[in-house]
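Colleague: I am new to this one. Could you take me through the terms you use for it?

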Amino acid sequence: MHLPHVYRVTKYDPAERDERGHYTGTESTTSDHGAVEAAYLRAVEAFAAETGVDHVAVRTPQVPSLAHFGAEPALPGFGLDALFPDGLTSLHDGAEVPLGTALELVRLMLRDAGFWCRLEVADVFAVHVGWDQYLYVGSDRPCEEAVTRTAALGLFAERREASPYAEDEEEGGYVQVPADDEFWARVHRAVAGGEAGLLEETFVAGAERWHRLTPETVDTVRAGLVPRACLTLWPALSADVAAVLAGLPADGLVEGVWQERDGRIRSAVVDESGFAELAVRMSAATAATLLSVYADERVPLLTAVLPDDDGVVRARWRS
């Protein structure tokens with residue numbers, strides 16, 4: 001999505017940059033959790049108000065899948081539990097949130113808490129939080145009052161041609177398969193024939209839920225999926241857990257998926273340093289499997305993306 005008026009909002013004074021545009025001043029590249037952070041939020045609020053926006057959509061939400069590399073320690077639940085009773089499942093692609101909640105998401109991203117997303121209103125407004133406290137705001141109008149307000153807050157609003165975090169949907173280079181009735185008919189056949197029995201539901205990049213499928217449960221699972229999720233169909237879990245564990249490789253990364261005795265399905269991605277712990281966790285399971293995490297070896301039976309109610313796939317998964 002490209003908007004005609006894009007500003008880079010920053011606390012870094014343009015006068016304190018070298019000939020290549022790199023900042024040479026003393027401002028920290030992390031959030032102060034105080035007045036400067038609050039100024040960023042008020043600036044976003046000013047741009048939204050001048051654009052006439054009071055709700056935004058969460059687009060392409062993501063969390064770290066293996067390790068946290070943020071500038072600050074990871075927060076429990078990525079800091080989302082205080083905002084949403086259902087945590088990550090409330091923040092699927094396309095979920096609409098009021099501006100107040102969107103500002104709290106901006107705060108989490110400024111603090112580099114692990115969660116990241118784009119906040120957008122299609123063809124109207126966008127907020128993208130980048131590295132080192134650079135924030136990009138796009139609008140379908142000039143927002144001159146918001147620029148003035150940003151300066152009064154002690155920040156700098158610099159015109160840009162585009163946000164570097166704007167996704168160009170026309171350059172995606174991938175085909176989305178809709179999880180429509182035809183897809184679910186294929187799932188039914190694969191499960192009934194014993195070919196498949198495990199569904200991976202990815203609703204936020206880096207976060208997923210697992211569902212064990214039987215001919216009787218396919219429709220129930222389908223009804224409970226998070227909107228716009230990416231779905232991946234796998235062979236069934238094996239009841240011979242010992243044989244599964246015997247298949248652990250000598251080294252490298254592997255994902256273990258197992259069903260605990262209470263019926264819950266867990267998963268963990270580990271390397272050879274975590275194989276022993278994974279074996280302990282899986283040893284009491286009722287069923288399990290191992291999946292490669294390497295792209296050329298991770299070959300599912302089917303993949304698809306849940307369409308919206310009108311049948312159109314709008315989530316930007318590269319499935």
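Modeller: Here are the reasons behind the labels, starting with the overall picture.

Modeller: This is a predicted model. The protein has seven helices and 14 strands. Its C-alpha atoms fill a box of roughly 65 × 45 × 35 Å along the principal axes. Of its 319 residues, 46% count as buried.

Colleague: What share of the contacts between residues at least 6 apart in sequence join residues at least 24 apart?

Modeller: The share is 74%.

Colleague: Now the helices. Why is α1 called oblique to α2?

Modeller: Helix α1 covers residues 35-51 and helix α2 covers residues 99-110. Their axes come within 10 Å and cross at roughly 140 degrees. Roughly antiparallel needs an angle over 145 degrees, and roughly perpendicular runs from 65 to 115. The angle fits neither range, so α1 is oblique to α2. The crossing is right-handed.

Colleague: Which residues make that contact?

Modeller: From α1 come Glu37, Tyr40, Leu41, Arg42, Val44, Glu45 and Ala48. From α2 come Leu99, Leu103, Val106, Arg107 and Leu110. Eight of the residues in this contact are nonpolar, none are polar and four are charged.

Colleague: What makes α1 and α3 roughly antiparallel?

Modeller: Helix α3 spans residues 144-152. Its axis lies 8 Å from that of α1, at an angle of about 165 degrees. The cut-off for roughly antiparallel is over 145 degrees. The pair passes it, and therefore earns the label. This crossing, too, is right-handed.

Colleague: Which residues meet there?

Modeller: Ala43, Ala46, Phe47 and Glu50 of α1 meet Glu144, Glu145, Ala146, Val147, Arg149 and Thr150 of α3. They divide into five nonpolar, one polar and four charged.

Colleague: On to single residues. How do you know whether arginine 118 is buried or exposed?

Modeller: Its relative accessible area is 10%. Buried means under 20%. So arginine 118 is buried. It sits in strand β4, residues 116-121. Leaving out residues up to four places away in sequence, arginine 118 touches Ala57, Val58, Arg59, Thr60, Val127, His128, Tyr165, Glu167 and Arg316.

Colleague: What makes the pairing of arginine 118 with threonine 60 a polar contact?

Modeller: The side chains are joined at 2.7 Å. The limit for such a pair of N or O atoms is within 3.5 Å. The distance meets that limit.

Colleague: And why does threonine 60 count as buried?

Modeller: Its relative accessibility is 13%, and the cut-off is under 20%, so threonine 60 is buried. The residue lies in strand β2, residues 55-62.

Colleague: What is notable about phi of threonine 60?

Modeller: Phi is near 45 degrees, a positive value in a residue other than glycine. Most residues other than glycine have a negative phi.

Colleague: Where is histidine 33, and what is its phi?

Modeller: Histidine 33 lies in the loop between β1 (5-10) and α1. Its phi is positive, about 55 degrees, although it is not a glycine.

Colleague: Why is histidine 33 called partly exposed?

Modeller: Its relative accessible area is 42%. Buried is under 20% and exposed is over 50%. The value falls in between, so histidine 33 is partly exposed.

Colleague: Last one. What makes glutamate 255 buried?

Modeller: Its relative accessible area is 5%, and buried means under 20%, so the label holds. Glutamate 255 is in strand β11, residues 254-259. A polar contact of 2.9 Å joins its side chain to that of arginine 298.

Terms used: Residues are numbered from 1 along each chain as its sequence is written. This is a predicted model: local features need pLDDT of at least 70, side-chain atom pairs count only at pLDDT 80 or more; totals for chains, interfaces and linings use all residues. Side-chain values use heavy atoms; hydrogens and water are left out. Axes are lines fitted to C-alpha atoms, for helices over the stretch in contact, and angles run from 0 to 180 degrees between N-to-C directions. Helices (H or I, at least four residues) and strands (E, at least two) are DSSP runs, numbered from the N terminus. Angles under 35 degrees count as roughly parallel, over 145 as roughly antiparallel, 65 to 115 as roughly perpendicular and the rest as oblique. A crossing is left-handed if the near helix is turned anticlockwise from the far one by less than a right angle, and right-handed if clockwise. Contact means heavy atoms within 4.5 Å. Ala, Val, Leu, Ile, Met, Phe, Trp, Tyr, Cys and Pro count as nonpolar, Asp, Glu, Lys and Arg as charged, and the others, Gly among them, as polar. Buried means under 20% relative accessible area, exposed over 50%, partly exposed in between (1.4 Å probe, protein chains only). A polar contact is a pair of N or O atoms within 3.5 Å; within protein, one must be able to donate a hydrogen and the other to accept it, and residues adjacent in sequence count only if both atoms are side-chain atoms.
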